[in-house]
Amino acid sequence: QGDPVGIICLQETSGAAGLLYQYLPGKGFQVFTCYEQQNCGGRSYVIAVKDGVGLKVLEKGRIDLTGYREQETSPTRIPFSVSLKYGEQEIGIYTLHATRGGRRFEALQLFSAYLAAREGRIIVAGDLNITVETGTEDVDGYARRISELFEGFNGFDHNLDFILGRGVKLEDGINSEGSCSDHMPVSAKIQL
């Protein structure tokens, strides 16, 4: 409260009669939506960009993680992005709800490689379903290696949710301490 919100990233969204998609435009946001499943089924991603704060939308779309395909019975959870321009600076906003299960780390490695090959400023905001500890094992038997996957990124986390930035400074982050849920908000101020 009290600070302008310029970008909102949501994952796993659903709701009766698209109320979320009616609410955000009413608050002055451009809303970009991508369904988790290729057939437009399941839950969706939302990246909302506030009008009047100097952010110009350049493009949006799914990110193809070459070589990665989910099982037919599982949602295709691949990143969704919106490219923005602020003054003369461009920034890529990526959101992702990483799958649980045995293909998760494979998908995150491909996403990490994709980002490493991209130039410029990047923000990743999403439910990555990994933690910041290193050298420990999670329920699926994979090392929790957030720092290895997102080398050169800084940011904030809450349980399994993250806001990470490369080429930008993220500060004054808040998270919902006291909750073990990974469905609570995380926020940060972006300094370009």
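A pocket here is an open set of grid points with protein on both sides within 12 Å along at least five of seven lines, and its lining residues have an atom within 4 Å of a point. Keep in mind that this is a predicted model.

**The second largest pocket**

Let's start with the second largest pocket, which holds about 180 Å³ of space. Its lining runs to 13 residues, and Glu-90, Ile-91, Gly-92, Glu-119 and Arg-121 are the ones nearest the centre. Strands β4 (55–62), β5 (80–86), β6 (89–97) and β7 (121–127) each give two or more residues to that lining. The largest share belongs to β6, with 4 residues. What about the chemistry of the wall? The table splits the lining by residue class.

| Class in the lining | Number of residues |
|---|---|
| Nonpolar | 5 residues |
| Polar | 3 residues |
| Charged | 5 residues |

**Ser-83 in β5**

One residue to click on is Ser-83, which sits in strand β5. Its relative accessibility is 16%, so Ser-83 counts as buried, the cut-off being under 20%. Beyond its neighbours within four places in sequence, Ser-83 touches Lys-56, Val-57, Leu-58, Glu-59 and Ile-91.

**A salt bridge**

Side chains of opposite charge can pair when their charged atoms come close. How many salt bridges does the model have? The count comes to 1 salt bridge. Lys-169 pairs with Glu-171, and their closest N and O atoms are 3.6 Å apart. Is Glu-171 buried or partly exposed? With 24% relative accessibility, Glu-171 counts as partly exposed.

Key. Residues are numbered from 1 along each chain as its sequence is written. This is a predicted model: local features need pLDDT of at least 70, side-chain atom pairs count only at pLDDT 80 or more; totals for chains, interfaces and linings use all residues. Side-chain values use heavy atoms; hydrogens and water are left out. On a 1 Å grid over the protein atoms alone, a cavity is a set of points where a 1.4 Å probe fits but cannot get out, and a pocket is an open set with protein on both sides within 12 Å along at least five of seven lines; lining residues have an atom within 4 Å of a point. Grid points are joined across faces, edges and corners, and a volume is the space filled by probe spheres set on the points. Ala, Val, Leu, Ile, Met, Phe, Trp, Tyr, Cys and Pro count as nonpolar, Asp, Glu, Lys and Arg as charged, and the others, Gly among them, as polar. A salt bridge is a side-chain nitrogen of Lys or Arg within 4 Å of a carboxyl oxygen of Asp or Glu. Buried means under 20% relative accessible area, exposed over 50%, partly exposed in between (1.4 Å probe, protein chains only). Contact means heavy atoms within 4.5 Å.
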